[in-house]
Amino acid sequence: MYGSETGFLARESLPELFSLLHVQGFDIVAPQIQDGSILYQVITGAEQLPSGWQDQQQPGSYRLTQTESPLNFSWANGPQALKPWLFAPREVIWRAEKQPDGRLQFCEPDAPDRKLAVLGVRSCDLAALKLQDAHFLNNRYHDPYYAARRKGLLIIAVNCSHPADTCFCVSTGDGPHAEQGFDLCLTELENGFLISSGSETGNDLYEKLPLTKATEKQLHNQLQQKLSASKQQRALPQIPVKQLLSERRDHPRWDDIAERCLACGNCTQVCPTCFCHKEGDLASLDASTSEHLREWDSCFSEGHGYMAGHQARPEIKDRYQQWMIHKLSSWHDQYGRSGCTGCGRCTTWCPAAIDFVEEVNLICGDES
């Protein structure tokens, strides 16, 4: 039975995992340093993994520093989660082509067909993936493009050892260590990785790796790492936020937030669960073809609030309320839980340094 054992993979044997994935036809996506942040990129070998990098995150601030450490995953997260690899930021839904006789022929693009293994997925993003699955696969409408990418996805989680100051996954119940939703799960130690499997595919890889049995000391170090990563500075209030947010739409803090918020949409772009989009058409210059596109959108954009010619959310205050109340309240009705997994990206990548957790606590924490 997969998941019942924990093995140890020496650091020098990590290339064996890459070789197994390549043999099974997977392209490998893993963390890379680009433009001063950690992003997931396609790589070919373990030697391309960044080592010694750590992040410092605060509201409106993200900085990377490099140390002499051999660790590849001693950071919390970058701006990018799994979402762009499954719910494409921009894709063609259908295409119209003008035929020689003047008729229009409509055609649908081929479904994505790619086996992708993502290495380094954190527990907060596994929880976000489950929510995205609920929206795109288990909802009334089944999204074939998301489904095709999801079918070819293999997830190698890495337990979080260095949460950022903006992280609060413990308070949402989504971290810091992964419990489910992965094929393989790694805990990085100084000289290698503890590995467990979470699926039949993962178990097949597990059994082919050059593993030794995890020692009591290694398992103790794993537990200590989890306890240390659970000591986070931020936490959502342990009260019925769902009801209080909806009841306190007139709280004065909303006006204070609106004065600072730029309505730039950064928070929704980096959020691993947001799924808002818009559709439009792009015609060729000679009018011979036209593509119907789906692109990411944000509830902070002015156009997103137009309904039947009426602007439902004319002010920034209205848009911020829509985002926060939907995320922490309405999602319970739609998906049975909050839409927030505690990754902290919305706070880190807000150019106005608006602290999501602080604002929720202020709005819900008194009787104003």
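The following paragraphs describe the nonpolar cores, a one-sided helix, aromatic pairs and selected single residues of a predicted model. Residues are numbered from 1 along each chain as its sequence is written, and side-chain values use heavy atoms, with hydrogens and water left out. Because the model is predicted, local features need pLDDT of at least 70 and side-chain atom pairs count only at pLDDT 80 or more, whereas totals for chains, interfaces and linings use all residues.

The largest nonpolar core (buried Ala, Val, Leu, Ile, Met, Phe, Trp, Tyr and Cys residues joined through side-chain atoms within 4.5 Å; buried being under 20% relative accessible area, exposed over 50% and partly exposed in between, with a 1.4 Å probe and protein chains only) holds 29 residues, of which Leu21 and Leu119 touch the most other members. Helix α1, spanning residues 14–23, gives the most to this core, with five residues (helices are DSSP runs of H or I with at least four residues, strands runs of E with at least two, numbered from the N terminus). Beyond residues up to four places away in sequence, the contacts of leucine 119 (heavy atoms within 4.5 Å) include Phe18, Val29, Tyr40 and Ile156. A second, separate core of 28 residues includes Cys274, Trp323, Cys346 and Cys364.

In helix α9 (residues 253–260), the residues Trp254, Ile257 and Ala258 are buried. They lie on the same side of α9, because they cover an arc of only 100° around the axis, the arc being that of the directions from the helix axis to the C-beta atoms. Among the elements covering the buried residues of α9 are α8 (241–247), α11 (316–335) and α13.

The structure holds 15 aromatic pairs, defined for rings of Phe, Tyr and Trp (its six-membered ring) with centres within 6.5 Å, where planes under 30 degrees apart count as stacked, over 60 as edge-to-face and the rest as tilted. Phenylalanine 136 and tyrosine 146 form a stacked pair, because their ring centres are 4.7 Å apart and their planes stand at 15°; both residues are buried. The rings of phenylalanine 275 and tryptophan 331, with centres 5.5 Å apart and planes at 45°, are therefore tilted. Since phenylalanine 275 lies in the loop between α10 (266–270) and β13 (277–283) and tryptophan 331 in helix α11, this pair ties together parts 56 residues apart in sequence.

Glutamine 225, found in helix α7 (residues 216–229), counts as buried at 12% relative accessibility. By contrast, glycine 365, in the segment after α13 (356–364), counts as exposed at 59% relative accessibility.
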